[in-house]
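Trainee: Could you show me how to read a protein–DNA surface and a chain–chain interface?
Mentor: Yes. Here is the model.

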Number of protein chains: 2
Amino acid sequence: MLSKKAKYGLKALEYIAKQDPKTPVHTSAISLAESIPRKFLETILLDLKHDGILKSKQGKNGGYNLLIPPSEVTIGRVVRLFDGPIALLPCVSSNYYEPCEDCENEAFCGLKNIFSEVREATGSILDKLSLNDILIRERALKKKTSNSTKAKPRSPKK
Amino acid sequence: MLSKKAKYGLKALEYIAKQDPKTPVHTSAISLAESIPRKFLETILLDLKHDGILKSKQGKNGGYNLLIPPSEVTIGRVVRLFDGPIALLPCVSSNYYEPCEDCENEAFCGLKNIFSEVREATGSILDKLSLNDILIRERALKKKTSNSTKAKPRSPKK
DNA sequence: TGTTTCTCCTACTAATCTTATAGGATTTAT
DNA sequence: ATAAATCCTATAAGATTAGTAGGAGAAACA
């Protein structure tokens, strides 16, 4: 399971990505909108800033904005920042590789073989999809519903 | 990351699966072979027994054996037993589903959409592969190496 | 210049989870 | 009987999680 930090972090980023990129977004606004404890959120946004995903403006009317475009903020990066490795075993992690203490023959380990497949499957999703994809999918989901609610809006009038 | 329990559990099961299914396997033998603390292993094997994966024989010359064939012990089942849900968000878990506390519109959640894809990818591997597949892959890996070590053993003599 | 409103930073804490260990009760073979 | 094994519960140290507390520092603005 994701930690609250990772989940809150993703939701906060999503919220920021939806706002005007020129206007600083207040912690308290995010806190309110996404039901994230304000003080907790502060530390999370700070982490995101230190990682180079967000930039901040201090003082009155300050707040946060994305430092890099939403399409370049991968989900994997955010998950790793807060929760560490995506892999389920250290020996199959790309970014945090460590051999298992007592593994005699890593090359022959059936477990490694299987969990490497799992890591590949999840990594290929999380490192490919970005903040932007969250937004795109959300729009797609909403559109889909509004379409199926309306009566046959298939072809727009000329 | 997997917990030690899950990892130890899988390794223990693998060890047991490799032994004669008629002869009870001692905790101490597994502990020694796989470098798992004996007392810790005891509780793990007990869990596996209570879950119906292992059966035990008490008393002298007692020990553990598989209750069901290796091909029916999925990795997913063992992981879930020790570590809970495979999903990264409660709202995308098949076996432990829970709505997110403050999620207003689960149907429109971009995060859910993406992590449901992740859950599907990992679940489809972990619930399809079994203890038997670990053994099969291990054998395949060893064979591959021994082949490439030998000089062209491609076609056996008639 | 002083006040307000933000971020920034560190330290702390309560609760839970992890990774075991301890000590014996129970069961069975010999 | 005794030895050797599982069974069961309790305990405990350490790490992690999910926050909270309290202010320092920066900028806008009156």
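Mentor: We take the DNA first, then the interface; keep in mind that this is a predicted model.

Trainee: How many residues surround DNA strand D, and which are the closest?

Mentor: There are 27 around DNA strand D. The closest are K39(A), T27(B), K49(B), S56(B) and Y64(B). Of the strand's atoms within 4 Å of the protein, 69% belong to sugar and phosphate.

Trainee: Which polar atoms of the protein pair with a phosphate oxygen of DNA strand D?

Mentor: Take two cases. A polar side-chain atom of T27(B) sits 2.7 Å from a phosphate oxygen. K4(A) uses a polar backbone atom, at 3.1 Å. A base oxygen is also reached: an N or O atom in the Q58(B) side chain lies 3.5 Å from it.

Trainee: Which element gives the largest share of the surface near DNA strand D?

Mentor: α3(B), with five residues. By class, that surface has twelve polar, nine charged and six nonpolar residues.

Trainee: Now the interface. How is its size given?

Mentor: Often as the accessible area lost when the parts come together. Here chain A and chain B bury about 3700 Å², with 71% of it on carbon and sulfur atoms. M1(A), F108(A) and I114(A) supply 18% of what chain A buries against chain B, more than any other three residues.

Trainee: How many salt bridges are counted between chain A and chain B?

Mentor: Four. E117(A) and R137(B) form a salt bridge through their side chains, 2.8 Å from N to O. On the side of chain A that touches chain B, α5(A) gives the largest share, eleven residues. That side divides into 24 nonpolar, twelve charged and five polar residues.

Note on methods. Residues numbered from 1 in each chain as written. Chains lettered and ligands numbered in written order. Predicted model: local features only at pLDDT ≥ 70, side-chain atom pairs only at ≥ 80, totals over all residues. Heavy atoms only, no water. Near = heavy atom within 4 Å. Polar contact = N/O pair within 3.5 Å; in protein donor to acceptor, adjacent residues only side chain to side chain. Helix = DSSP H or I, 4+ residues; strand = E, 2+ residues; numbered from the N terminus. Nonpolar A, V, L, I, M, F, W, Y, C, P; charged D, E, K, R; others polar. Buried area = accessible area lost by both parts, 1.4 Å probe.
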